[in-house]
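Got the viewer open? Let's take a walk through this protein, one selection at a time.

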Amino acid sequence: MGPPGAGKTTVGKILGQKLDCCVIDVDDDILEKTWNMSVSEKLQDVGNEQFLEEEGKAVLNFSASGSVISLTGSNPMHDASMWHLKKNGIIVYLDVPLMDIINRLKLMKIDRIVGQNSETSVKDLLKFRKQYYKKWYDARVFCESGASPEEVADKVLNEVKRYQDVDSETFISTRHICPKDCEQKVSTKFFSEAVIEGLASDGGLFVPEKEFPKLSCGEWKNLVGATYVERAQILLERCIHPADIPAARLGEMIEIAYGENFACSKIAPIRHLSGNQFILELFHGPTGSFKDLSLQLMPHIFAHCIPPSCNYMILVATSGDTGSAVLNGFSRLNKNDKQRIAVVTFFPEIGVSDFQKAQIVGSQRENGWAVGVKSDFDFCQTAIKRIFNDSDFTGFLTVEYGTILSSANSINWGRLLPQVVYHASAYLDLVSQGFISFGSPVDVCIPTGNFGNILAAVYAKMMGIPIRKFICASNQNHVLTDFIKTGHYDLRERKLAQTFSPSIDILKSSNLERHLHLMANKDGQLMTKLFNQLENHHHFQIEKILVEKLQQDFVADWCTEGECLAAINSTYNASGYILDPHTAVAKVVADRMQDKTCPVIVSSTAHYSKFAPAILQALKIKEINQTSSSQLYLLGSYNALPPLHGALLERTKQQEKMEYHICSADINVLKSHVEKLIQNQFLGKFSE
């Protein structure tokens with residue numbers, strides 16, 4: 001299947017030869033034999049609408065097996081005939097670059113395209129047709145510009161093989177220990193199972209058993225002019241097997257996730273700041289942080305993956321931004337899904353900004369609650385992991401309430417994977433805007449706490465984006481910086497400091513385990529040893545060879561609170577651009593660590609509107625002791641870039657204060673809250 005000029009007939013003939021099977025061309029072998037006239041004559045005779053109907057009927061009356069069928073460009077516009085074909089075969093979409101198609105059609109002098117008239121250009125017609133191709137395909141062949149029919153045919157065979165091999169893309173735990181007996185089956189999970197379970201039963205995190213899929217240079221170049229949604233669809237299709245989520249359904253989810261709920265149509269635009277520095281703006285989603293880029297999509301993925309007969313309670317720990325993002329994302333599910341999926345987010349009662357707390361609490365809906373914990377993020381995250389690993393408690397919830405626990409933190413693969421897209425998209429935008437040519441290296445500098453964002457950049461490099469260095473930026477809680485410099489992860493004598501950048505006020509970095517597992521050639525035994533040592537003795541040391549391997553790609557540093565505020569001030573004075581405190585941490589570290597021999601992309605992980613008191617202090621504005629809305633309007637009067645975040649401004653106008661639960665730092669108390677909230681959501685029994 002594909003547009004006119006995609007090469008369906010030629011590729012079909014090559015496939016027939018390779019597979020030694022019958023080749024059927026719908027135009028020549030079905031339509032013209034049925035009508036006893038040429039297709040162009042029929043189109044001219046009956047007009048567009050009647051042609052589509054008669055073409056569809058001809059296909060409906062046809063059946064074949066063991067064949068390669070080359071469809072017409074207009075077949076996908078007739079639903080009944082496509083359902084007939086889909087029931088009986090695998091529909092492969094030849095996704096050929098638009099300009100290649102237009103150039104071929106000029107050479108072929110095609111005069112029989114349905115819908116073509118003097119008022120509609122071929123380019124517009126082909127763009128219009130795409131919606132029909134996206135609706136039906138089982139497998140997509142993403143064709144490079146200028147690819148030969150033989151190359152396309154080989155890709156078709158590879159995609160069909162992948163589609164049929166449902167066991168080819170599985171996941172293992174980072175703590176999985178390979179059995180000594182090679183006859184013993186390796187314990188693996190499908191993508192959907194990894195998403196549902198969140199955390200592996202042995203306490204490890206799920207990772208792909210095989211390598212990340214890699215796009216060719218030509219495939220990446222095809223994406224330079226694509227939209228964010230188009231890029232996301234291509235990249236995520238490569239990472240999610242169609243047996244877990246069919247391509248057409250995945251496309252629907254992506255279009256919903258990155259639609260009108262984002263304030264910028266580019267979703268994650270990149271902006272030149274100064275010199276060789278570029279800002280990747282990840283704050284245009286509904287809650288104003290980079291978490292929206294995954295948490296507007298992940299709930300739809302989760303809802304698709306879970307069985308219809310079970311209820312699920314999502315447990316989330318937040319250091320500031322995840323809480324409101326996950327509550328917002330899951331609140332956007334349809335009514336049926338909200339009745340079987342609920343969310344509870346645990347946040348440090350003291351340790352997030354006042355605005356973040358108000359945003360988390362104000363994001364509660366009929367299927368989502370906020371619980372303040374009298375401790376720090378590390379306790380919240382550790383407590384959730386322990387709850388997951390308490391088989392007595394989870395078993396009790398399943399038997400008593402028919403409810404299964406899962407997670408939406410970046411420990412969940414379904415939450416981490418969408419973050420790969422924006423790192424790839426940022427690089428493609430630099431190419432599109434003419435700052436670099438494809439293949440030129442860039443560095444990325446990312447404010448880092450739980451290691452998920454920077455790990456997603458590592459995965460983007462594995463898929464083919466030429467990232468040279470990963471610059472890890474820490475605040476005063478610089479355990480990761482120290483680890484990257486020494487290989488010693490040491491929590492002894494460390495106390496979590498509360499800073500202007502609370503979302504990276506983290507000492508136990510969960511996703512680091514995934515990266516160490518990758519560097520150590522998937523040595524699950526080593527991961528078990530290291531992270532048990534961290535749990536029991538609060539530190540571990542990796543071998544020198546792993547330290548050297550880590551430092552080949554990573555550099556790291558940290559900045560003080562004073563340096564953070566000074567960076568906000570100096571950047572505003574120099575460029576009129578306001579950094580949020582997390583981005584300011586990254587700016588300080590990028591200035592210090594990057595050698596200026598290539599561009600550096602600084603991830604701006606939140607909008608400054610969420611941290612107005614710190615921004616006012618940095619800009620030396622005295623009127624700090626005002627309401628949140630007054631602070632934002634004051635900042636708005638400076639006409640800075642980026643402008644105020646509309647959704648965050650609306651949040652400050654909400655007069656009604658929502659109630660929320662507060663609990664002590666006791667895992668049994670958290671478990672009690674979880675059980676009561678399950679009763680409330682799924683049984684209607686909740687009482688204070």
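Before the first click, a word on terms: helices (H or I, at least four residues) and strands (E, at least two) are DSSP runs, numbered from the N terminus. Keep in mind too that this is a predicted model.

**Stop 1: residues 187-258.** Select this stretch and colour it. UniProt, in an unreviewed entry, places the feature "domain: Threonine synthase N-terminal" here, at residues 187-258. Over residues 187-258 the chain is 50% helix and 4% strand. Put a distance label on the C-alpha atoms at the two ends, and you should read 35 Å.

**Stop 2: the whole protein.** Zoom out and switch to cartoon. The protein has 32 helices and 19 strands. Its radius of gyration is 27 Å, close to the 26 Å that the globule rule gives for 688 residues, so the protein is as compact as a globular protein of that length. Taken along the principal axes, the C-alpha atoms fill a box of roughly 85 × 60 × 55 Å.

Now turn on the surface. About 28,300 Å² is exposed, and carbon and sulfur atoms supply 49% of that. Of the 688 residues, 58% are buried. As for contacts with a separation of 6 or more, residues 24 or more positions apart account for 75% of them. If you colour by charge, you'll be looking at 70 positive and 78 negative charges, and the mean positions of the two sets are 3 Å apart.

**Stop 3: Lys291.** Show this one as sticks. The unreviewed UniProt entry annotates Lys291 as "modified residue: N6-(pyridoxal phosphate)lysine". You'll find Lys291 in the loop between strand 8 (277-281) and helix 13 (292-295). Is Lys291 buried or exposed? Lys291 counts as buried because its relative accessibility is 7%, and the cut-off for buried is under 20%. Which residues does Lys291 contact, leaving aside neighbours within four places in sequence? Add Asp321, Thr322, Ala325 and Arg415 to your selection, and you have them.

**Stop 4: Met1.** Jump to the start of the chain. Met1 lies in the segment before helix 1 (8-19). With a relative accessible area of 7%, Met1 is buried. Not counting residues up to four places away in sequence, Met1 touches a list of residues that includes Leu71, Met82, Val92, Tyr133 and Trp136. Want a long distance to draw? Go from Met1 to Ser406: they are 405 residues apart in sequence and 39 Å apart in space, C-alpha to C-alpha.

**Stop 5: helix 6.** Select residues 98-108. The buried residues of helix 6 are Asp100, Ile101, Ile102 and Leu105. Show helix 7 (122-136) as well, since it is part of what covers those buried residues. Then step off the end of helix 6 onto Lys109, which has a positive phi, near 55°.

**Stop 6: Asp553.** Finish at helix 26 (residues 544-553), where Asp553 is found. Asp553 counts as partly exposed, at 26% relative accessibility. Now bring up Arg468: this residue is 85 residues from Asp553 along the chain, yet their C-alpha atoms are separated by 6.9 Å. Not counting residues up to four places away in sequence, Asp553 touches Lys461, Arg468, Lys469 and Phe470.

Methods. Residues numbered from 1 in each chain as written. Predicted model: local features only at pLDDT ≥ 70, side-chain atom pairs only at ≥ 80, totals over all residues. Heavy atoms only, no water. UniProt positions renumbered as here; feature names shortened; annotations may be inferred. Buried < 20%, exposed > 50% of the residue type's maximum accessible area, 1.4 Å probe, protein only. Contact = heavy atoms within 4.5 Å. Rg over C-alpha atoms; globule rule 2.2 N^0.38 Å. Areas by Shrake-Rupley, 256 points an atom, 1.4 Å probe, with all protein chains shown as cover. Lys, Arg positive; Asp, Glu negative; His and termini not counted. Charge placed at Lys NZ, Arg CZ, Asp CG, Glu CD.
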